[in-house]
Amino acid sequence: EKMIDFQRELSVMVVRGSDGTVQCFDAVENRHRDGILDITLAPARVMPEVAERAQAIAIRIATDLELVGIMGVEMFHAADGQLLVNEIAPRPHNSGHWTIDACLIDQFEMHIRAVAGLPLPPARRHSDAVMHNLVGPEDMARVPAILAMDGASLHLYGKHEARPGRKMGHVNTLFPRGALP
């Protein structure tokens, strides 16, 4: 595979019901550390037309695949402005964990609604969010400080051993809409 000169990685969580109804969460920006998703910024720091193109791509993929359920679509925002899909994940996805606290209906409930044939409400974000993965023993050592932070919502995955490179949980921090730092 050739190397892609990209500005950022974006992802969109898209959900499609059995009746063909499609909803998209906002396009988000993903930043990695050591090849592992480190943080997700919701919404992505891109021009509105770029975010809309990312959502349109996700909708087209979900529609063409006749998806029923939720899917993460990751793409590179190339230096030349193109959006290049690099991964699809037909399931709830780590880059959608911000929805747990920043949306009334999160990615998990949207998935259940879709597969159960229930209505899919708009995938609205009520707050800006930063999702930060907790990876390995180093990040788990930060849990006491995270618990003391105002506005931080800790989500641990119940894994018994914190090994290097292993996702142990994540923390969401919310900000008023339009106030993402």
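**Notes on a predicted protein model**

1. Let's begin with the outside. The protein chain has an accessible surface of about 9,300 Å², and 55% of that surface belongs to carbon and sulfur atoms. Please keep in mind as you read that this is a predicted model.

2. Next, the overall build. Taken along the principal axes, the C-alpha atoms of the protein chain fill a box of roughly 45 × 40 × 30 Å. The chain contains 5 helices and 9 strands. If you walk along the sequence, the pattern you meet is β-β-β-β-α-β-β-α-α-β-α-α-β-β. The radius of gyration is 16 Å, close to the 16 Å that the globule rule gives for 181 residues, so the chain is as compact as a globular protein of that length.

3. How much of the chain is buried? Among the 181 residues, 47% count as buried. Contacts across the sequence are worth a look too: taking the contacts with a separation of 6 or more, 60% are between residues 24 or more positions apart.

4. Now have a look at strand β7, residues 128-135. Is this strand mostly covered or mostly open? It is mostly covered, with 8 of its 8 residues buried. In a regular strand, side chains alternate between the two faces of the sheet. For β7, one side carries D128, V130, H132 and L134, while the other carries A129, M131, N133 and V135, and all of these are buried. Both faces of the strand are therefore covered.

5. Which strands pair with β7? One of them is β9 (residues 167-175), which is antiparallel to β7 over 8 bridges. Within this pairing, D128 stands opposite F175, and M131 stands opposite N172. Strand β4 (residues 36-42) also joins β7, through 4 bridges, and these two run antiparallel as well. Here L41 has V130 as its bridge partner in β7.

6. Strand β9 has a further link to follow. Strand β8 (residues 152-156) is joined to β9 by 5 bridges, again in the antiparallel sense. On the β9 side, N172 is the bridge partner of S153. You have already met N172, as the residue opposite M131 of β7. Try finding S153, N172 and M131 in the structure to see how these pairings fit together.

7. What about disulfides? A search of the whole structure finds 0 of them. A disulfide is a covalent bond between the sulfur atoms of two cysteines. Why does C24 not form one? Its closest cysteine sulfur, in C103, is 12 Å away, which is too far for a bond. Looking from the other end, the sulfur of C103 has C24 as its closest cysteine partner, at 12 Å, so a bond is ruled out there too. For comparison, the cut-off for a disulfide is 2.5 Å. Both cysteines are buried: C24 has a relative accessible area of 13%, and C103 has one of 5%.

8. The aromatic rings deserve a point of their own. The count comes to 2 aromatic pairs. One of these is F25 with W98, an edge-to-face pair with 6.1 Å centre to centre and 85° between the planes. This pair links distant parts of the chain, as F25 and W98 are 73 residues apart. F25 lies in the loop between β2 (22-24) and β3 (28-33), and W98 lies in the loop between β6 (83-89) and α2 (99-102). F25 counts as buried because its relative accessibility is 1%, and W98 counts as buried at 1% too.

9. F25 also turns up beside an alanine. A123 sits in the loop between α3 (107-116) and β7, and A123 touches Q23, C24, F25 and M110, leaving out residues up to four places away in sequence. A123 is buried, with a relative accessible area of 9%. The C-alpha atoms of A123 and L104 are 8.2 Å apart, although 19 residues lie along the chain from one to the other.

10. Finally, a second alanine to set beside A123. A79 is found in the loop between β5 (69-78) and β6. Is A79 buried or partly exposed? A79 is partly exposed, with a relative accessible area of 44%. Not counting residues up to four places away in sequence, A79 touches D5, F6 and Q7. A79 and G20 are 59 residues apart along the chain, and their C-alpha atoms are separated by 34 Å.

Methods. Residues are numbered from 1 along each chain as its sequence is written. This is a predicted model: local features need pLDDT of at least 70, side-chain atom pairs count only at pLDDT 80 or more; totals for chains, interfaces and linings use all residues. Side-chain values use heavy atoms; hydrogens and water are left out. Buried means under 20% relative accessible area, exposed over 50%, partly exposed in between (1.4 Å probe, protein chains only). Rings of Phe, Tyr and Trp (its six-membered ring) pair if their centres lie within 6.5 Å; planes under 30 degrees apart count as stacked, over 60 as edge-to-face and the rest as tilted. Two strands pair if DSSP finds at least two bridges between them. The radius of gyration is taken over C-alpha atoms; the globule rule is 2.2 Å times the number of residues to the power 0.38. Contact means heavy atoms within 4.5 Å. Accessible areas come from the Shrake-Rupley method with a 1.4 Å probe; for residues, only the protein chains shown count as cover.
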